[in-house]
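Hi,

Here is the structure I promised to pass on. Could you have a look at it before reading my notes underneath?

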Amino acid sequence: MKMEKSTIAFNAIGYVFLSILSILCLVPFLVIITGSLSSETDIIASGFQLIPKHFSLDAYRAMFTNPAQIYQAYKVSILVTVAGTAVGLFLTSMAGYVLSRKEFKYRNGLAFYIYFTTLFSGGLIPWYILIVNYLDMKDTYTSLVVPGLLSAWNIILMKNFMKSIPDSIVESAKIDGAGDFRIYFRLILPLSTPGLATIGLFMALGYWNDWFTANLFITTDSKVPLQFLLYKILASASVLKTSIAGNLSPNFQPPTETLKMAAAVVVTGPIILLYPFLQRYFVKGLTIGAVKG
Amino acid sequence: MIGFFREVARNRVLFLMIAPALLFFALFSYIPMVGVYYAFTNYSFDGGLFGSPFVGFDNFKFLVSSGELVTLTRNTILYNIVFILLSNFLQLVCAIFLAELPGRWFKKTSQSVMFLPFFISFVLVGAFVLNLFSSQNGLVPSLMAQLGLPHYDFYMHTAPWKYIIVFFHVWKGLGYGTVIYLAAIMGFSEEYYEAAKIDGANIFQRVRSITIPMLVPTFILLILLSLGGILKGQFDLFYQIVGQNGSLFNSTDIIDTYVYRSLAVNFDIGMGTAAGLYQSLFGMLLVLCVNYIIRKTREDYALF
């Protein structure tokens, strides 16, 4: 079939429009990568360029003379993300399950008790003072994990997801004498895998990308998670302790600006590698929940 | 009361299962609500919550009379309105093109690329801004220098930062919103399109008279839902882009950054809590209004 003129015009506009937006989405990533591969001398002389004048791996070399800091931050981030997501998902799904049970008399009242926290809050400062002065959590791993464990939205999402599981499954399990926890753990959880995967990924992404909590609570270097380390490096490259004094060439500049860019690449790399997998699950999860959570 | 205990006894396990969540919100949401009392005190670290001098509404009066509250509210609301309208518009257009264009590979690739920014942390956005706009060696100033344009220091002007902030907000949410609109379009029945084709409607006419009218309810719903959060600022975005550059605050300070500075920089606990309480109260009123409107028009989408 011959294509209509209007279709050709429509397609052309569409391709150009989407291509421009796609390029705009990629450019910031590209400038970070080319920036990290530039030589420090060029940056100081003429600033960052789209394509580096001289290709150089000095920034990466400098960073990996002493990689302990980066490894430690990776360790903290992985630990916090895994612990937070596992515990958070367990508690969220239990709460969602209880609220989805029709015979549970107080489910509406308790759902409102949880929902109300999204409507009104005491704000950042009372929350901060509670955690630091009364719960004594300053500079602990606990402060990175516990305050972010649950969100009312996730519990509501979970509840709605579990509501779509037919009641007859719970009913027949009850007749067979199964207890509430057993029904949840052996029947409802396996049936909720898509919901669990979506909410779990959201939680994991939240923990992994979190820098704010560490910014508020963490003071010891060894407890700094990845994103907060990057934040500190961007503010001052000397945060990253490198040992590159042994270089003899006369016009050698120790990398600072390029080092910041290299740190950004090293910190973000794994997310980009996991991206195809992450994206697939996100798109699937989003289209299940569609507009309404 | 007896009925309550009987209920607890009967559904012991269910109560135990939800107990951690109830405790969590009691501890991290309800107890801090008591702390809004700080807003009515001249907080001192020795005095603590109830030992600091009570000053009534002085903190609020100061926020109003210094003009701070007006600036913060104006900035927060204006940014959010631009964010909401521009984001939703671009997401909608992207979704329409993704739904109609041929070429699987192109669509898959561009959708993946546009979704990528959603997954990165705001700290990386800070790295982009450093690379692109830093006074000494930013990419944009050095490109301008190479083109022979006069030297321009972004950190000496407030004007460009509005656009930079809006750009990165739209940039980060584009892919996410596009997926939601695309899912809505995919739910439309093919029959309408087939019928329109038989009637000789071209693709522009089909989009204008089928896709767009059918997307309007989703569009309005998403806008309404976002309007409920119009007083909530995106702290990460503003803080990572503007940071502590005080000279830019007049056009980039929002309630959330002000509250943060009260806590971490100025140690003005009373004033910060007051601004936070103001945000929380009016935010709640807004959500209630929005919910009322949705309830009147499309009941099944009401929040509660």
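Below is what I found, going from the contact between the chains down to single residues.

First, a caution: this is a predicted model.

**Where the chains meet**

The contact between the two chains draws on 81 residues of chain A and 75 residues of chain B. On the chain A side, the largest share comes from helix H1 (residues 5-36), which supplies 17 residues. Sorted by class, that side of chain A holds 55 nonpolar, 19 polar and 7 charged residues.

**Domains of chain A**

The domain assignment splits chain A into domain 1 (1-66 + 257-274) and domain 2 (67-241). Taken over C-alpha atoms, the centres of these two domains of chain A are 33 Å apart. Where they touch, 9 residues of domain 1 are in contact with 12 residues of domain 2. Helix H14 (residues 257-289) of chain A gives the largest share of the domain 1 side, 6 residues. By class, that side of domain 1 has 7 nonpolar, 1 polar and 1 charged residues.

**Ile43(A)**

Is Ile43(A) buried or exposed? Ile43(A) counts as buried because it has 26 C-beta neighbours inside 10 Å, and the cut-off for buried is 20 or more. This residue belongs to helix H2 (residues 40-46) of chain A. Beyond its neighbours within four places in sequence, Ile43(A) is in contact with Ser38(A), Phe48(A), Glu257(A) and Thr258(A), and also with Asn137(B) from the other chain. The C-alpha atoms of Ile43(A) and Lys53(A) are separated by 9.4 Å, with the two residues 10 apart along the chain.

**Two aspartates with positive phi**

You may like to check the backbone in the loop between helix H6 (124-134) and helix H7 (141-145) of chain A, where Asp136(A) lies. Asp136(A) is not a glycine, yet its phi is positive, at about 55°. Asp139(A) is found in the loop between H6 and H7 too, and its phi is near 60°, again a positive value in a residue other than glycine. As for their surroundings, Asp136(A) is exposed, with 11 other C-beta atoms within 10 Å, whereas Asp139(A) is partly exposed, with 15.

**Chain B**

An unreviewed UniProt entry places the feature "domain: ABC transmembrane type-1" at residues 73-294 of chain B. Over that stretch of chain B, the model is 78% helix and 0% strand, and the end C-alpha atoms lie 24 Å apart.

Best wishes

Note on methods. Residues numbered from 1 in each chain as written. Chains lettered and ligands numbered in written order. Predicted model: local features only at pLDDT ≥ 70, side-chain atom pairs only at ≥ 80, totals over all residues. Contact = placed C-beta atoms within 7 Å. Helix = DSSP H or I, 4+ residues; strand = E, 2+ residues; numbered from the N terminus. Nonpolar A, V, L, I, M, F, W, Y, C, P; charged D, E, K, R; others polar. Buried ≥ 20, exposed ≤ 12 C-beta atoms within 10 Å, placed from the backbone. UniProt positions renumbered as here; feature names shortened; annotations may be inferred. Domains from an automatic or database assignment.
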